[in-house]
Amino acid sequence: MRQQLRIMCVLLAWIAAAGSACAQQIKAADEVSIDAAMRSAFPKASADWPTRLKGDETMQACSQYKDAPSAELARAIAAREGASIQYPPNGKLRGDWKRGEQVAQSGYGLRFTDYPPTRETGGNCYACHQLTKQEVSYGTVGPSLLEYGKIRKFSEADTKAAYEKIYNSHATFPCSLMPRFGANGVLTIEQIKDLVALLMSPESPVNRP
Amino acid sequence: MKTIRRNVCAAILVFASGLAGAVHAQQSSDAIERELETYRSMMRSDPWSNPGMLDVDRGETLWKTPGGPNNVSLEGCDLGLGPGKVDGAFAALPRYFADADRVMDVEARILWCMEKLQGFERAKLLNRPHPGPGMPVKDLGAIATYVAYRSNGRSFAAAFSHPKEKEMLALGEALFFRRSGPMDFACSTCHGDSGKRIRLQPLPFFSKPDEARKIVGAWPAYRVSTAHVMTMQHRIYDCFWQMRLPEVELGSDVPVALISYLVKQAEGGEISIPGMKR
């Protein structure tokens, strides 16, 4: 009897210790608190900002899973984001690579000092990617795009894939770090075509290092 | 036979020169990095070589001199260790303050003291609180630099024991990974991996304590390219600018939460103010 009591006491003590250890762990913040904090932290933001501070369904999912969604969630994201892709009306996916290089170099636009805008928004591709051999000031958040078209033999399929990746990267890579340049209205279809030309034209310096 | 041998030799030469080129590039990069490290250690060995020390000095004067409509000094300001106690206060921040019923970092707390003790108008302090290029850090930032300097040599040791401190830390972690805005950026988009850079600017991986410990203790830092001291609240304000989000208010819960997260990741890391940045 005494032995059983002793075992019970040890067990209860262990449970209590485990319970208090759990209480030490920090509870994750809830959506309501996060939203409230975000809304109150940007008093100078214009009226359309509060919804943009939250992020849409895909962004909420990617935030929740720290950009590592389950296979099932990834499929849902790819389908949703793929549906957002708008193609050029005449079906021509390649524009002017010279203009594309300018779009890739420019980080202008959408910063709170860029209002009212004095020029078109840039893609700022060099912030994260290597593109031409000549430009040594390139970032490494994304993979190198040097010889992108050449490696893919300038195929039509890869031209379409490149367009889709720029327009909405999540259609191909759910929870990609890359901005949804087309879907979010950062770049126009014409600008995206110019970037596709930069990547996929044989004459482009990307493919002629 | 001769043709094959010639082609093979040519191939080996091309391969070797390519390899040598790559090795040379790496050696140049290593040599540059060694020179930079020599420069940095020389700066560290003589703290007065950092122009940010002028703002530490100015901050000390501002702390001790009566000012504001109430004409009182900040020596009555409680930074968490009791009124006027400056040594080690920065190392224990952010923390909960009962009088404000809020968790505050060093800049939010100094803002509070400037308002409540010295009588400065809060709205005026919050309006354009950060310097433009070539302009010196504002008074609040200079005081924060001085206060941080008085924790040099200590390690980050904020307790995060009060329930509101725990909430703030949880909020900071959630915000760090929260993607939003037209570019779908979160802090983690850029600061979520090792060895990455934007253009040529290396990016610390803040969720890795090893890296956080090396970086967080250098802020406030003297920014060479803009010739002024940049405080942590200013650095975060600038991040939001690049992330295509609106102007974040100094001392509001969002930057305080993010600073809490950074300081927690940097726990045990050494404080060495002012740092020196690009």
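**Stop 1: the interface of chains A and B**

Select the contact between the two chains: 38 residues from chain B and 55 residues from chain A take part. Keep in mind that this is a predicted model. The area buried between chain B and chain A is about 4100 Å². Carbon and sulfur atoms give 59% of that area. On the chain B side, pick out R178(B), R179(B) and R199(B), which lose the most area to chain A. Together these three arginines make up 21% of what chain B's side buries.

Now look at polar pairing. The interface holds 21 residue pairs in polar contact, with both partners at pLDDT 80 or more. Color chain B by secondary structure next. Five elements each supply at least two residues to the side that touches chain A: α6 (163-176), α7 (187-191), β3 (196-198), α9 (232-242) and α10 (253-265). Which of them gives the largest share? Select α6(B): the largest share, 7 residues, comes from there. Recolor by residue class, and the side of chain B that touches chain A shows 19 nonpolar, 7 polar and 12 charged residues.

**Stop 2: charges across the interface**

Side chains of opposite charge can pair when their charged atoms come close. Across the interface of chain B and chain A there are 6 salt bridges. Zoom to D35(A) and R178(B), whose side chains meet in a salt bridge at 3.0 Å, N to O. R178(B) is also one of the residues that lose the most area to chain A.

**Stop 3: salt bridges within the chains**

Widen the view. Over all chains, the structure holds 32 salt bridges.

Start in chain A with D56(A) and R180(A). Their side chains form a salt bridge of 3.0 Å, N to O. Trace the backbone between the two: D56(A) sits in the loop between α3 (49-52) and α4, R180(A) in the loop between α8 and α9, and they are 124 residues apart. Is each partner buried or exposed? D56(A) is partly exposed, with a relative accessible area of 35%. R180(A) is buried, at 3%.

Move to helix α9 of chain A. Select E190(A) and K193(A), a salt bridge with its closest N and O atoms 3.3 Å apart. Why are they about one helical turn apart? Because they are 3 residues apart in the helix. Check the surface here as well: E190(A) is partly exposed at 43% relative accessible area, while K193(A) is buried at 7%.

Cross to chain B for D139(B) and R58(B). The closest N and O atoms of this salt bridge are 3.0 Å apart. D139(B) lies in helix α5 (residues 139-149) and R58(B) in helix α2, so the pair ties together parts that are 81 residues apart in sequence. D139(B) counts as partly exposed at 37% relative accessibility. R58(B) is partly exposed too, with a relative accessible area of 25%.

Then go back to R178(B) and show E31(A), D35(A) and K54(A) with it. Salt bridges that share partners join these four residues into one network.

**Stop 4: the disulfides**

How many disulfides does the structure hold over all chains? There are 2.

Select C62(A) and C175(A). They are joined by a disulfide, S to S 2.1 Å. The link is left-handed, with -90° about the S-S bond. C62(A) lies in helix α4 (residues 57-64) and C175(A) in the loop between α8 (156-167) and α9 (189-200), so the pair ties together parts that are 113 residues apart in sequence. Turn on a surface: C62(A) counts as buried at 1% relative accessibility, and C175(A) is buried at 4%.

Next, select C77(B) and C113(B). Their sulfur atoms are 2.0 Å apart in a disulfide. This link is right-handed, with 75° about the S-S bond. C77(B) is in the loop between α2 (52-64) and β1 (95-97), C113(B) in helix α3 (residues 106-116), 36 residues apart. Both cysteines are buried.

**Stop 5: cysteines without a disulfide**

Finish with two cysteines that are in no disulfide. For C128(A), the nearest cysteine sulfur belongs to C190(B), 6.1 Å away. C128(A) counts as partly exposed, at 22% relative accessibility. For C187(B), the nearest cysteine sulfur is that of C239(B), 6.9 Å away. C187(B) counts as buried, at 13%.

Methods:
Residues are numbered from 1 along each chain as its sequence is written. Chains are lettered from A and ligands numbered from 1 in the order in which they are written. This is a predicted model: local features need pLDDT of at least 70, side-chain atom pairs count only at pLDDT 80 or more; totals for chains, interfaces and linings use all residues. Side-chain values use heavy atoms; hydrogens and water are left out. Contact means heavy atoms within 4.5 Å. Buried area is the accessible area (1.4 Å probe) that two parts lose on being put together, summed over both. A polar contact is a pair of N or O atoms within 3.5 Å; within protein, one must be able to donate a hydrogen and the other to accept it, and residues adjacent in sequence count only if both atoms are side-chain atoms. Helices (H or I, at least four residues) and strands (E, at least two) are DSSP runs, numbered from the N terminus. Ala, Val, Leu, Ile, Met, Phe, Trp, Tyr, Cys and Pro count as nonpolar, Asp, Glu, Lys and Arg as charged, and the others, Gly among them, as polar. A disulfide is a pair of cysteine sulfur atoms within 2.5 Å. Buried means under 20% relative accessible area, exposed over 50%, partly exposed in between (1.4 Å probe, protein chains only).
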